[in-house]
Amino acid sequence: MGDRIEAARWGGKLAQEGPPLQQERARQTRRSILRVAAEEFAANGFRSTSLMSVARRAQITKGAIYHHFSSKENLAASVVEEHYALWPALVEETRAEGRSAMATVVTLLDRVAEVFRDDPLVQASARLQLERSVIEVPLPTPFVGWTALLTELFEAARAEGGLRPECRPEVLARVVVAAFFGVQHISDALHQRADIVERWQEVKETLLPGICAPGTAAALTTCR
Ligand code: LUB
């Protein structure tokens, strides 16, 4: 699927890189700014993060930041876009491993839980999405990418006979996205996402028997 089509699915757009980046050094600087900004946004939120604090932490000038990002709002939007740009490769890699559609869903979301635990860019994006009302630039629409992808995977699972007949793929997708969002939000609030993988395992063990074809849930809750 073309990059632009895939990027559109995730509610984002190919990160606007401003004037064409002439050299690898410029790309490295942009990546470094995004990483440092993500750490600041994740820890302190949008309002309490300043471009000065990002510049200081990145050991560059504010002018160097403005060369890549026109404002703090644009920087925040780029962090969120970079978050969503992470998923297509993980999805493609997991789907290429040849599991059943249901096993692919389970494995994929296990990996996503680990990314939420470990990646400051994703953690920052989740916080910025919660603060989107005070960020005066458009951000990618949250949840739509995962809802569309999971609907597709649950439709494939239905075709494979992997679902209970009463389950509707688009409903399952909304329920699972809501469950995952809640798990990562609560884990963040209480434990800085340290226990997100374990909490997600509990949700899987609870939800899967009501989703999977009879007798198939147990094998799925431990698949890797
Ligand atoms: C996911 C969050 C947190 C959806 O896709 C998103 O926007 C998400 C942050 O906005 O959970 C569930 C995978």
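Q: Which pocket does the ligand sit in?
A: Happy to start with the binding site, bearing in mind that this model is predicted. Ranked by size, the pocket where the ligand sits is the second largest.

Q: How many residues of the shell around the ligand are nonpolar, and how many are polar or charged?
A: The surrounding residues include Phe116, Pro142, Trp146 and Val177, as well as Gln129 and Gln184. Among these, Phe, Pro, Trp and Val count as nonpolar, while Gln counts as polar. Over the whole shell, the split is eight nonpolar, two polar and no charged.

Q: Which helix gives the most to the shell around the ligand?
A: Val177, Phe180, Phe181 and Gln184 are all in the shell. One helix covers residues 169-191 and supplies four shell residues, the top contribution, and that is helix α9.

Q: What is the distance from an oxygen atom of the ligand to an N or O atom in the side chain of tyrosine 84?
A: Tyr84 is one of the residues surrounding the ligand. A pair of N or O atoms counts as a polar contact within 3.5 Å. For the tyrosine 84 side chain, the distance to a ligand oxygen is 2.6 Å.

Q: Which residue forms a salt bridge with arginine 57?
A: The whole structure holds 16 salt bridges. In this one, the closest N and O atoms are 3.2 Å apart, and the partner of arginine 57 is glutamate 39.

Definitions and conventions: Residues are numbered from 1 along each chain as its sequence is written. This is a predicted model: local features need pLDDT of at least 70, side-chain atom pairs count only at pLDDT 80 or more; totals for chains, interfaces and linings use all residues. Side-chain values use heavy atoms; hydrogens and water are left out. A residue is near a molecule or strand if one of its heavy atoms lies within 4 Å of it. A polar contact is a pair of N or O atoms within 3.5 Å; within protein, one must be able to donate a hydrogen and the other to accept it, and residues adjacent in sequence count only if both atoms are side-chain atoms. On a 1 Å grid over the protein atoms alone, a cavity is a set of points where a 1.4 Å probe fits but cannot get out, and a pocket is an open set with protein on both sides within 12 Å along at least five of seven lines; lining residues have an atom within 4 Å of a point. A molecule sits in a cavity or pocket if more than half of its atoms lie within 2 Å of its grid points. Helices (H or I, at least four residues) and strands (E, at least two) are DSSP runs, numbered from the N terminus. A salt bridge is a side-chain nitrogen of Lys or Arg within 4 Å of a carboxyl oxygen of Asp or Glu.
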